[in-house]
Amino acid sequence: MLAHTELRTRLQTICIVLVAMVVVVTAMKLAKGLLAPVTLGLIVGIVAAPGMRLLARLGIPRAVSASISLLFVGAATVLLIAGLGPIVMDLIGQVPRIEDEIRWWVIDASRAIRGLESVQIELEQSLAEDGKEVEAAMPSLLDALSMAPNFAAQLLTFAGTFFFFTLTQNEIYATVKGKAASLRQADKAVSHYFVTVAAINAGLGAAVFAAMTVIGVPNPILWGAAAFILNFVLYLGPVMLLVALAVVGFTEFNGAYALLPALAYLMLNMTEAQFVTPTLVGQRLQLNPLVVFLAILFGLWLWGPIGGIVSLPLLVWATAFMAHQPQPDPATDADLAPTQA
């Protein structure tokens, strides 16, 4: 009887936990407009923590340091948008040409395989309708203007979260008794991971740019920038770029040469994933590939692109936080004590 009661209690506890998880995830999904920029601001603040510590050692007040960090992040964002803007517009301009190439390539393939004129006609009509649907799905100027206030609100939320977190990070961590060292260690893991991976991705982007230039792929800077950005989204990003390069190869070249762009990127990406990243990032930050894949999928489903960006840093942070066993350190506690700006 006692065992039956214990089993029923455990089942009730499991059901309560599952219901609570569903409620929490649903609330996070509904509060995407608020929680996504807040989480991104916290992640960027954690990445910027080494710079804040450097400025503190130079004797710069924390309020000034937080303002400098915010200006630096804003300038980096503006430069990134300014640099990628022409590339993105060029990619959008090439979409109709790529669609036409794919359309005629599929028509020729269907004609060669089946040899039926009716199939060709139906395929042409179907692809033409799909092209109209794609054009209709493209956001118009009015759509962009309607989304501008929401984007501005999220941008302000991100900026405010980043500024006040970097301003009061020591005070926040000092209030968590016995966990300050673990929090700091988790922050260091995320900062180390992000900075190292950003440098690796920049090198990969430069290598892809050089390879596409040698092969003769149009707009090689586009593919280099895409390799740099998409490689932050592990597994999914490289697969997307590989498929895109395969399509471009078949639309731009003939014969076996059409496989060269995708094969070149595949070799570069495998070299980076198998040798460069494990060597520079270190085994202590290596995570289970299935967990990483599911975390990125969950982040993309939950918060869209922002979720895909913050999911892996959050996973690294949580893993480092749980793995760290804090030791009493009076010097560390003194460093984490609230400081006046």
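**Reading a predicted all-helix model**

Guide: Of the 18 residues in the largest nonpolar core, those touching the most other members are Val-190, Tyr-193, Val-292, Leu-312, Leu-315 and Val-316. The model is predicted.

Visitor: Which elements give two or more residues to this core?

Guide: In soluble globular proteins, nonpolar side chains tend to be buried together. Here, two or more core residues come from each of helix 2, helix 6 (141–174), helix 7 (180–215), helix 11 (289–303) and helix 12 (305–323). Helix 7 supplies the largest share, 6 residues. Another core lies apart from this one; it has 17 residues, including Leu-204, Val-217, Ala-227 and Val-248.

Visitor: What does Leu-312 touch, not counting residues up to four places away in sequence?

Guide: Leu-312 touches Tyr-193, Leu-234, Leu-287 and Val-292 on that count. For the protein as a whole, take the contacts between residues at least 6 apart in sequence: 73% of them join residues at least 24 apart.

Visitor: How many helices and strands does the protein have?

Guide: There are 13 helices and 0 strands. Read from the N terminus, the order of elements is α-α-α-α-α-α-α-α-α-α-α-α-α.

Visitor: How is the length of helix 2 checked, and which of its residues are buried?

Guide: A helix is expected to span 1.5 Å times one less than its number of residues. Helix 2 (residues 32–47) has 16 residues, so it should span 22 Å, and its end C-alpha atoms are 22 Å apart, which agrees. The buried residues in helix 2 are Ala-36, Pro-37, Thr-39, Gly-41, Ile-43, Gly-45, Ile-46 and Val-47.

Visitor: Is Ser-65 buried or exposed?

Guide: The cut-off for buried is under 20% relative accessible area. Ser-65 has 1%, so it is buried. Ser-65 is in helix 4 (residues 62–114). Leaving aside neighbours within four places in sequence, Ser-65 has contacts with Met-52, Leu-55 and Ile-60. Across the protein, buried residues make up 31% of the 341 residues.

Visitor: What makes the nonpolar surface patch, and how exposed is Leu-11 within it?

Guide: Leu-7, Leu-11, Ile-14, Val-17, Leu-18 and Met-21 make a nonpolar surface patch of about 570 Å². Leu-11 sits in helix 1 (residues 2–30). Its relative accessibility is 47%, so Leu-11 counts as partly exposed. The accessible surface of the whole protein is about 20,500 Å², and 74% of that belongs to carbon and sulfur atoms.

Visitor: How far apart are Ala-273 and Leu-234, in sequence and in space?

Guide: Ala-273 and Leu-234 are 39 residues apart in sequence, and their C-alpha atoms are 9.8 Å apart in space. Ala-273 belongs to helix 10 (residues 260–281). With a relative accessible area of 37%, Ala-273 is partly exposed. Leu-234 has already appeared, as one of the residues that Leu-312 touches.

Visitor: What is the phi of Asn-219, and where is this residue placed?

Guide: Most residues other than glycine have a negative phi. Asn-219 is not a glycine, yet its phi is positive, about 55°. Asn-219 lies in the loop between helix 7 and helix 8 (220–230). It is partly exposed, because its relative accessible area is 29%.

Notes: Residues are numbered from 1 along each chain as its sequence is written. This is a predicted model: local features need pLDDT of at least 70, side-chain atom pairs count only at pLDDT 80 or more; totals for chains, interfaces and linings use all residues. Side-chain values use heavy atoms; hydrogens and water are left out. Helices (H or I, at least four residues) and strands (E, at least two) are DSSP runs, numbered from the N terminus. Buried means under 20% relative accessible area, exposed over 50%, partly exposed in between (1.4 Å probe, protein chains only). Patches are made of residues with over 30% relative accessible area and no salt bridge: like charges are joined within 9 Å, nonpolar side chains (Val, Leu, Ile, Met, Phe, Trp, Tyr) within 5 Å. Accessible areas come from the Shrake-Rupley method with a 1.4 Å probe; for residues, only the protein chains shown count as cover. A salt bridge is a side-chain nitrogen of Lys or Arg within 4 Å of a carboxyl oxygen of Asp or Glu. Contact means heavy atoms within 4.5 Å. A nonpolar core is a set of buried Ala, Val, Leu, Ile, Met, Phe, Trp, Tyr and Cys residues joined through side-chain atoms within 4.5 Å.
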